[in-house]
Amino acid sequence: MTSKNILTTLLALAVVLGGVTTVTAKILMYTPDGRVLHIKGGTAQPDLSRFRTPLESKIVDRTFYTNDCGFLANETYSTSQTGFNDMVKAGIPLVYKPEFHWITHQGMYWHARYLLQWVGAASRLGVSMVQGPYWTLKALEFSKQNKFTRDRGERMLSNKDILMGVYLPLYYDRVGFPRVFDSAFPTYLQYASGDPRLVGPVEVEDDFDDPQSDKKGKWGVPRYFIDWTNLRWNHDRMDTTFDMGGLGQFLKRRAQWTGYMFHSTHVEQSPGDKHTDGITLLGNDAEEGIRGTILATLAVNTMLEAKASFFTDAEGKKLGGLNPYKYDPEEGVRYLPHKIKPNILWVGDLPERVWSLEIEDDSSQLWDIASWMWGTTEFSHFVLWYNDRVFTDNPPSDGGILEKNVLLLSRGLANVMVQNMMAMHLRDGILVSEWNPRDGTGEILSMRDAAMAMIALKEYDDRHEFIDEDEDLREEAVTILTDMADFLMEVQGEDGSFYERYEVSSGTGTGENILASPNFAGVRALIAAWQKTEDEQYMEAARRTFNLLNTKYWVEAHGVYQSRLGDDTVVITPYDVGIALSALREMIFATPLHLVEPQLDHLTRWWLQTMDGSGMQQSEDNRSGELAFGTTGQDEDADGVPFISGGYGKHGVAPVAAGKVVVNIGGESNKAFARMKGERFDPNRYAEVKYAYTPLTESELQGMVLPIEMPQEGLIERPPMQKYNGTIIPLPASKPIERGLGIKLGLSGKEIFEMNCVLCHGFTGEGITGFSFERDALTFSHDEMFKVPNEGRHEKLMPPWGQGNKDDFGGPLTEAEIHLIVDYVQSPEFQEKFKAHQRGLVVADAPPKDPFEYISREYAAKSDSTSATVEDLRRVAASQIKANEFVASSYLTFYRRLAELHLRDSSMLAGSGGSVNPSLAPALSDERMPED
């Protein structure tokens, strides 16, 4: 069959089955009711070797800890797509840095998202959603209605009746997703920890049989995507305690991801009538729509359970509920005890349920309160911004997913947390870490708790300002925040250092003041205070600690921070990574544009070394690099992180962070590291990882050292900026910066596009996490298309690349660069590549793609095609360039010209957005350098 006939057949079949006029180049999923859905796939990463250095490390503890791993996932999410988009809006010069684009917009995004499926719905690490109180309330409501209708009260409906019989069909209709995700087990009450080894093999063939519709394979996706039977974890290796901090962190995770899943709508054929034209449905696409509905209801169930069951009396003896709007701590405090032990009941084939609860730790912990404040305010933001799409007055009768008044639930619980913070955790006006029924308010404040509390207080005030309620509590929250910041400045060492903990009455430090994590916590806490008050003294204090970390703790040769100053062994936990990431991200926003660029390369190197290079990230699947599904090896992208089935254990390990990793920075003489028990991490176990980093010189390292008192001469003031998550941050005044590096280097539109746009839209415009170009490239005029990247589309997560925050600095790209991009995307060269990929053809100079992208198109072209086998996956993978061998010519052209420009006149690069480290250029050998 000719390529023209293949395209004709493909498009004709798509019109009949899918009700669409074109087929996007994302993965196609074929549903039992004859529709074609478009879902997100992965992409090959750029060559990251120029930031990598070999590490010697051991994985000491592989346990998944809900609290710390949840915190890391939340901070990773905030630095991924939404954080990247905020940086574009802020005008940060991140253009022509594909490695930074990858680790934030793609790598961090997928690593944060892995927790949605692998922990929250597949692992069974918690109590099933079907047992949640929301469904109990709905079962009672529906049973009461039946009393006056045909059932005459003869049958009381169960939670399962309501969820399976009423709400899941509603969800499928509202989002357009079919009956899949077999053996999914969404959990609304997460257990404290678990062993993430998988109990069964990871099935990659496309042979999933649906007993409900009798569909036999040919879904267009790997089996494990829709059959999660083997992805669960061993229940006997779980700590089934409810850790209140962990529940709060997972509430935050669900709230932020629900907002992401519903940030736009999509158009599909009607699930109920395949002859109906396209209709607007909930969710960015059908898959994310169903994920969003589940996440939203999980969050509501978690909050309802806490409101009804998790609050104890002042003696810490009796659990029960409370009414947030009648709660007055002066009449007797009710609080969340730190740990609750559930009595789990197993009945027949139903998921286990909580039969009773007992208090295991009756203390009130500041971390727990702040975590719940963080999660509830995030959920309030989601309700406020998306109530016309998801929340209605009378669901499910009016088609809504949840009631609008769940805002009262999240708002009320957030208010309770602020009230208890004041009533139980204040001593001499300063927060302390613990309160207990025997001794009352404690004396000690840890820096970990201080940072979490100050972050939560800042976001509480931001979010409740949108609600336009609770003014008195908001004022109290800001007062606590500023008092805490003043306290931190008083106890901060002259060198910027912080102790682990402080006795608040005297300000005396306890523990050690030579640990990295308390210092990162200090940076993050002080930035939160500056963001709320714009008081420059807080920012100066944050810079002092930031400079300490980058001059004393940073190990340039290894690309990691010392965990304890002077030690030859670095100890890394998920919390350590999360608090460092939070501080590094927010310092990027808090640094003037003319000084910020060195931080971007620094963040890239630190993340790659700390997460991937050490073994902290235990595995990954196709979304973040393993595009051949382990069929041609267990590390196709050769980044040292194995495919899920190639990780720890007989069948592999879930793609989550390890509990503890240690790194040797002392060489062969480090006897302490040699004595440590743990599994040595071998990044070259399945493929050879490339290392090409050239350490920075002392003068180049000075780029990470910031002036404590920022000189004001020549600075241009900037207006505040609203982040994607609804919070408000100030943007620091800056000197003018030079933009338009692509024009200066004489780059073509193709090269500018491939350096800045492909990790979202793909090399051929096929769409990765961003939209494909079938509409923009084929039907928009030049001016119409220019407007999209220039001004952005907030609801589509397209940042304003040219307009920025609408001030004198604009965005990272100039209008001239955007015009060149549009010219290229609308050129015959680009459109031929786009159409070739639509036909399922491999484009020679594009990175490899998920084999199922091509196999799903074979289904369309060959209606008699059988289900895909491992051999089919290998065949497709063999037809593409290997992921670890792909280097775009645009990257090489750019780095060569940049090095030449720097060697000619280094002053021309100040603030330009290009790398100022010419020593990196030799990593790209001469034979890989294309000619102009």
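In this predicted model, strand β3 (residues 56-61) pairs with strand β30 (residues 660-664) in the antiparallel sense, over five bridges. Within this pairing, Asp61 stands opposite Lys660 of β30. Both strands belong to an open sheet of four strands, ordered β29-β30-β3-β31 and paired in antiparallel fashion. The edges are occupied by β29 (569-572) and β31 (679-680); each has a single partner strand, so one side of each is left without a neighbour in the sheet.

Aromatic contacts form a second topic. The count of aromatic pairs comes to 43. One of them joins Phe242 and Phe310 in a tilted arrangement, with 5.9 Å from centre to centre and 45° between the planes. This pair links distant parts of the chain, 68 residues apart: Phe242 lies in strand β10 (residues 242-243), and Phe310 in the loop between α9 (286-309) and β13 (311-312). Phe242 is buried, with a relative accessible area of 0%, and Phe310 is buried as well, at 1%. Elsewhere, Tyr77, Tyr109, Trp110, Trp257 and Tyr260 form one aromatic cluster.

Charged side chains also lie over aromatic rings, as the following table shows for two arginines.

| Charged residue | Ring | Distance to ring centre |
|---|---|---|
| Arg448 | Trp367 | 4.2 Å |
| Arg605 | Tyr693 | 3.7 Å |

On the surface, Leu137, Leu140 and Met156 form a nonpolar patch, with about 320 Å² of accessible area together. Met156 is located in the loop between α5 (133-146) and α6 (159-175). Its relative accessible area is 57%, and a residue over 50% counts as exposed, so Met156 is exposed.

How values were computed:
Residues are numbered from 1 along each chain as its sequence is written. This is a predicted model: local features need pLDDT of at least 70, side-chain atom pairs count only at pLDDT 80 or more; totals for chains, interfaces and linings use all residues. Side-chain values use heavy atoms; hydrogens and water are left out. Two strands pair if DSSP finds at least two bridges between them. Helices (H or I, at least four residues) and strands (E, at least two) are DSSP runs, numbered from the N terminus. Patches are made of residues with over 30% relative accessible area and no salt bridge: like charges are joined within 9 Å, nonpolar side chains (Val, Leu, Ile, Met, Phe, Trp, Tyr) within 5 Å. Accessible areas come from the Shrake-Rupley method with a 1.4 Å probe; for residues, only the protein chains shown count as cover. A salt bridge is a side-chain nitrogen of Lys or Arg within 4 Å of a carboxyl oxygen of Asp or Glu. Buried means under 20% relative accessible area, exposed over 50%, partly exposed in between (1.4 Å probe, protein chains only). Rings of Phe, Tyr and Trp (its six-membered ring) pair if their centres lie within 6.5 Å; planes under 30 degrees apart count as stacked, over 60 as edge-to-face and the rest as tilted. A charge sits over a ring if NZ of Lys or CZ of Arg is within 6 Å of the ring centre and within 35 degrees of the ring normal.
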